[in-house]
Amino acid sequence: MSAKIQATMSISTGAESVVTEPTLAARSLRRDYSEEPVIRDLSFELRAGQTLVVLGPNGAGKSTLLRMLATLLRPSGGELSVLGAELPKRAWKARGRIGYLGHEALLYADLTLAEALRFHAELHGVEQFASRIRSLLSQVGLERRADQFVRTLSAGQLQRAAVCRCVLHEPELLLLDEPGAHLDPAGYGTVEPLIGRSSTATRVVVTHDVEGGLADADRALALSANGAVFYEGPASGLSPGDARAIYSERPR
Amino acid sequence: MSAVRVMLVKDLRVELRTLQSLPAMALFAVTTFVIFRFGLDRTSLEGSLAAGVLLVTVLFAALLAINRLFVAERDEGGFDAIRLAPVDPSALFVAKVLALLAYLAILEVIALPVFAAFFLDDATGLLPLAGIMLLLDLGLAATGAVISTIGANSRARDLLTPLVLLPLLIPLMIAAAGATEPLLAAGGPSYADVGQWVLTMALYDLLFVLVGYATYEFLLED
């Protein structure tokens with residue numbers, strides 16, 4: 001952990017000052033694609049149990065940010081710490097403690113749903129995985145699809161299956177990229193207890209639902225179309241009206 | 001080892017279920033033997049020509065599987081899934097090498113008898129040839145898994161994999177041909193000089209297994 005990031009972690013507790021590590025800490029984070037910056041000069045912190053909502057128009061770098069936090073992309077510059085592990089050097093310390101729900105389900109199409117989840121459970125060393133898989137599938141209403149091939153699932157069913165995959169190993173940090181995609185309200189209702197506010201995990205949620213996202217979050221990060229930070233701070237400090245201003249910019 | 005087993009079982013299960021690689025490899029090999037038989041207008045081959053026909057056929061059949069080796073990882077997010085798990089990424093390399101070895105062994109169980117039936121007057125060289133083929137398979141699998149991983153992340157993957165892989169395989173193929181030729185010699189197998197070629201193949205295999213294992217984590221990075 002660098003001295004610069006540690007310095008930002010000092011919080012006052014009356015007479016003495018103690019250093020506690022935030023679950024996520026980014027300082028001057030940058031990510032380029034083909035030398036063009038997608039994310040630039042991004043700094044934020046998130047403490048255990050908090051929820052960060054990430055808002056921004058298409059191409060603002062929201063998914064890129066999530067992939068960096070998930071250890072799947074290397075930062076091009078700046079400092080990034082996830083679950084106390086400095087990335088990219090110590091990514092191995094964070095892996096296995098992160099639940100990542102991206103645009104792809106990360107489930108092999110030619111396995112049955114139960115086989116695909118078992119694959120992930122075994123890789124993550126989940127004990128009693130059969131009962132864990134049964135329980136999760138039951139919670140999201142897919143228990144009767146367990147023996148169905150993943151490739152035959154509808155988009156909504158696949159998203160619910162991906163949520164099961166994401167929380168299978170009971171991660172400390174949930175990185176959710178538009179978790180409501182493809183889900184009707186009833187479908188979202190089934191996954192909400194697993195990835196919503198009631199889950200005890202620290203969460204980073206990318207969403208286009210400005211009102212819902214801000215209401216659900218402790219902190220907010222709004223990115224402009226050019227990848228610059230429009231707002232970073234408490235979610236209560238950003239009104240939905242102000243947040244919508246970032247969507248009026250021309251998308252990249 | 002557990003991660004290797006999980007990934008290998010997944011690969012074998014998917015292959016048994018979809019039959020995307022093995023039937024194509026076997027059909028390619030048998031068809032190629034038919035073409036050689038009529039193209040060369042020979043019912044019997046021996047020595048370097050027999051070795052050439054057999055090894056080139058196995059090499060190009062292997063390319064079919066190598067090209068498809070990481071299709072699911074690329075298209076269905078398998079690379080991400082493995083990188084998110086608390087496992088050594090090299091486990092994927094080991095699992096893929098073992099999967100390719102299994103495919104090539106099955107291919108050869110089918111192709112060698114067909115080759116013998118089409119071209120060999122004396123099949124006594126086939127048994128020692130199995131050992132040569134095993135060393136060849138390991139080299140093809142280790143080198144193929146490394147290059148296929150690099151190719152999987154490229155847009156020109158269908159071109160890149162064979163273009164990069166074939167030059168790298170030249171030393172292995174030269175050694176395999178050198179070891180195979182005396183085993184398929186007219187009048188029965190001879191073992192002169194086989195040892196030095198076997199040693200060359202073993203060193204090649206060791207080198208690429210070690211290189212693949214040591215560098216695989218970096219190959220999977222973005």
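User: In this predicted model, where in chain A is A:P88 placed?

Analyst: A:P88 sits in the loop of chain A that runs between β7 (85-87) and α3 (91-94). The peptide bond to look at there is the one that joins A:L87 and A:P88, which is cis, with omega at about 0 degrees.

User: Another backbone angle to read is phi; what is the sign of phi at A:E178, and in which loop does A:E178 lie?

Analyst: A:E178 is not a glycine, and yet its phi is positive, at about 50 degrees. The residue belongs to the loop between β9 (173-177) and α7 (185-195) of chain A. Burial is read by counting neighbours, and a residue is called buried when 20 or more other C-beta atoms lie within 10 Å of its own; A:E178 has 19 C-beta neighbours inside 10 Å, so it counts as partly exposed.

User: What is phi near in B:D193, and is B:D193 buried or exposed?

Analyst: In B:D193, which is likewise a residue other than glycine, phi is positive and near 65 degrees. This aspartate is found in the loop between α8 (157-183) and α9 (194-220) of chain B. A count of 12 or fewer is classed as exposed, and B:D193 is therefore exposed, with 12 other C-beta atoms within 10 Å.

User: Turning to whole chains, how many helices and strands are there in chain A, and how should I read its radius of gyration?

Analyst: Chain A contains 9 helices and 12 strands. The radius of gyration is read against what the globule rule gives for the chain length: for the 252 residues of chain A the rule gives 18 Å and the model has 18 Å, so the chain is as compact as a globular protein of that length. Taken along the principal axes, the C-alpha atoms of chain A fill a box of roughly 55 × 40 × 40 Å, and buried residues make up 46% of the chain. Of the contacts in chain A with a separation of 6 or more, 68% are between residues 24 or more positions apart.

User: How many helices and strands does chain B have, and what radius of gyration does chain B have?

Analyst: Chain B has 9 helices and 0 strands, and from the N terminus on its elements read α-α-α-α-α-α-α-α-α. Its radius of gyration is 18 Å, which agrees with the value near 17 Å that a compact globule of 222 residues would have. The box filled by its C-alpha atoms, along the principal axes, is roughly 55 × 35 × 30 Å, while 45% of its residues are buried. Among its contacts between residues at least 6 apart in sequence, 82% join residues at least 24 apart.

User: What is the general way to describe two packed helices, and at what angle do α6 and α7 of chain B pack?

Analyst: Two packed helices are described by the angle between their axes and the distance between the axes. In chain B, helix α6 (residues 90-119) and helix α7 (residues 126-152) pack at about 145 degrees with their axes 9 Å apart, and their crossing is right-handed. The contact includes B:F93, B:L100, B:L101 and B:L104 of α6(B), and B:M133, B:L138 and B:A141 of α7(B). Its residues divide into 15 nonpolar, 1 polar and 3 charged.

User: Which residues does B:L101 touch, leaving out those up to four places away in sequence?

Analyst: B:L101, which lies in helix α6 of chain B, touches B:D137, B:L138 and B:A141 when those sequence neighbours are not counted. With 16 other C-beta atoms within 10 Å, this leucine is partly exposed.

User: How do α4(A) and α5(A) cross?

Analyst: Their axes come within 10 Å and cross at roughly 130 degrees, and the two helices are therefore oblique to each other. The crossing is right-handed. A:A114, A:L117, A:R118, A:A121 and A:E122 in α4(A) meet A:F129, A:R132 and A:I133 in α5(A), a contact of 5 nonpolar, no polar and 3 charged residues.

User: How many residues of chain A are in contact with chain B?

Analyst: The size of an interface is often given as the accessible area lost when the parts come together. Here the contact is given in residues, with 22 of chain A in contact with 20 of chain B. On the chain A side, the elements that give two or more residues are β8 (98-101) and α4 (113-123), and the largest share, 4 residues, comes from α4(A). The residues of that side divide into 13 nonpolar, 4 polar and 5 charged.

Note on methods: Residues are numbered from 1 along each chain as its sequence is written. Chains are lettered from A and ligands numbered from 1 in the order in which they are written. This is a predicted model: local features need pLDDT of at least 70, side-chain atom pairs count only at pLDDT 80 or more; totals for chains, interfaces and linings use all residues. Axes are lines fitted to C-alpha atoms, for helices over the stretch in contact, and angles run from 0 to 180 degrees between N-to-C directions. A crossing is left-handed if the near helix is turned anticlockwise from the far one by less than a right angle, and right-handed if clockwise. Two residues are in contact if their C-beta atoms, placed from the backbone, lie within 7 Å. Ala, Val, Leu, Ile, Met, Phe, Trp, Tyr, Cys and Pro count as nonpolar, Asp, Glu, Lys and Arg as charged, and the others, Gly among them, as polar. The radius of gyration is taken over C-alpha atoms; the globule rule is 2.2 Å times the number of residues to the power 0.38. Angles under 35 degrees count as roughly parallel, over 145 as roughly antiparallel, 65 to 115 as roughly perpendicular and the rest as oblique.
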